[in-house]
Amino acid sequence: MATALLCTALVTTGTRSAGSAAQTTGGPQGVPARAPAEEGFTIIYPRATENATDPRDEYPLGLLRLALDKMGARYTIRPSGTVMEQARAAVALRTGTEVTLLWNGMSAKLERDLRPIRIPLYRGVLGYRLFIINKASQAKFSAVRTLDDLRTLTAGQALGWPDVEILEAAGLPVEAFRYDLLFRLVGLNRIDYFPRGANEIFAEIEQRKADAPDLAVERDLMLVYPFDSFFYTSKANEALATTIEQGLLKAYDDGSYLKYFNDSPYIRQMLTDAHLDSRRRIDIPNPLLSPETAALPDKFWYGR
C-alpha cells in the first residue's frame, strides 16, 4: 500500500554481516540471479520515488531483514540506481537486470512470471482502502452510500499497480499516473480520490503536508477487497526465495512476525486513527487472485 535506505556508495556482497544494508548511487545492469553461498545475497529492490526517503519502504525492508536474520543469511540491501515503476521493475526482475527482489501486489500474472513468496506482508490490510482526497471534497464522499455512488467519482492509481484492474473490474473509473504525480492531481481536483492501504495512508499525508496542505484522509468510507503484497524474486533465484520464505515461516512460528506487525508504527496508526469499524464499508471482489493465493490459510490474514 511502509523510510527506505537510499544509497550513496556501493558495498560488495558478503562484506557485511547479517542485518546489514548496502548503499550505492548506481543500479547495475545484468544483476546475477544469485551470489555464491559463501558471499551471501545481493538484494537490489526498485527505487520508487526521487525523494530522499520513502516511508512505504520501511515496513517491507524491516520484514525482509527479519526473515533473512532468522535464517542466519549474509546479505546486502540497496535500491536501484534509478526510479522504476512497478511494471518495469517486474520485467527487470524476470529478465535478471537491475533488481533482484521486489514487493508488489498479489497478481496471478506476476505469480506466473516471477517466483512469489506467498506470505502476505501486511496480513491483508492493504485491501482495506481509505481515500486521499482534496479536503474541500469531503461532502461529496459523505454522500456516497453504495458502490454505484462511488462509480460517479474517478480514482487514481499508479502505473503498473494491480489495483487498476481490480477497480476497473468493479466498474469504478480509474486513471493511472506516476505515483508521485497522483498527490498533486488530487490536490488539483484532476482526480477525485487516491485509494491507499489503511496502514500507509497517514504516513503519506504526513510526509507531504508542507507541499500539499489541501490533501486529507477521507473520513467516512472504506473500500475493501482481498489484497496484499508479496515478496517476489526471479524464478532463477530460488535460493533467495527459499531463504526468505523459510525465514518468514520461522518468524510466524516463534511469534516475531506478529510482534513486528503489531509494533509497526504504521499498523498502530491504522488501528488507532483509521476508525475502520465506524466507516461505511464497500466490498468488491479481486479477480486477480490466483487459486494458490486464494487458498492461503487464515493465520496469514488480519481479522480472520
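Colleague: What is the relative accessible area of R151?
Modeller: This is a predicted model, in which local features need pLDDT (the predictor's confidence in each residue, from 0 to 100) of at least 70 and side-chain atom pairs count only at pLDDT 80 or more, while totals for chains, interfaces and linings use all residues. Residues are numbered from 1 along each chain as its sequence is written, and side-chain values use heavy atoms, leaving out hydrogens and water. R151 is partly exposed, between buried (under 20%) and exposed (over 50%; 1.4 Å probe, protein chains only), because its relative accessible area is 32%.

Colleague: With which residue does R151 form a salt bridge?
Modeller: A salt bridge requires a side-chain nitrogen of Lys or Arg within 4 Å of a carboxyl oxygen of Asp or Glu. The closest N and O atoms are 2.5 Å apart, and the partner of R151 is D148.

Colleague: How many residues apart in sequence are the parts that K140 and D192 tie together?
Modeller: K140 and D192 form a salt bridge, with their closest N and O atoms 2.8 Å apart. K140 lies in helix α4 (residues 138-142) and D192 in the loop between α7 and β8 (194-197), so the separation bridged by the pair is 52 residues.

Colleague: Is D192 buried or exposed?
Modeller: Its partner K140 is partly exposed at 35% relative accessibility. D192 has a relative accessible area of 17%, and therefore counts as buried.

Colleague: What is the C-alpha to C-alpha distance between V186 and I133?
Modeller: V186 lies in helix α7 and is buried because its relative accessibility is 0%. Beyond its neighbours within four places in sequence, V186 has contacts (heavy atoms within 4.5 Å) that include I133, N134, F194 and L215. V186 and I133 are 53 residues apart in sequence, yet their C-alpha atoms are separated by 6.0 Å.

Colleague: Which three residues are joined into one network by salt bridges that share partners?
Modeller: The structure holds 15 salt bridges. One of them pairs R118 with E111 at 2.9 Å, N to O; R118 is partly exposed at 25% relative accessibility, whereas E111 is buried at 7%. The network joined through shared partners consists of R115, E238 and E245.

Colleague: Over which residues does pLDDT stay under 50?
Modeller: The protein averages a pLDDT of 86, and 87% of the residues score at least 70. Where pLDDT is low, the predicted coordinates should not be read in detail. The model has 122 contacts beyond four places in sequence for the stretch under 50, which comprises residues 1-37.

Conventions. Helices (H or I, at least four residues) and strands (E, at least two) are DSSP runs, numbered from the N terminus.
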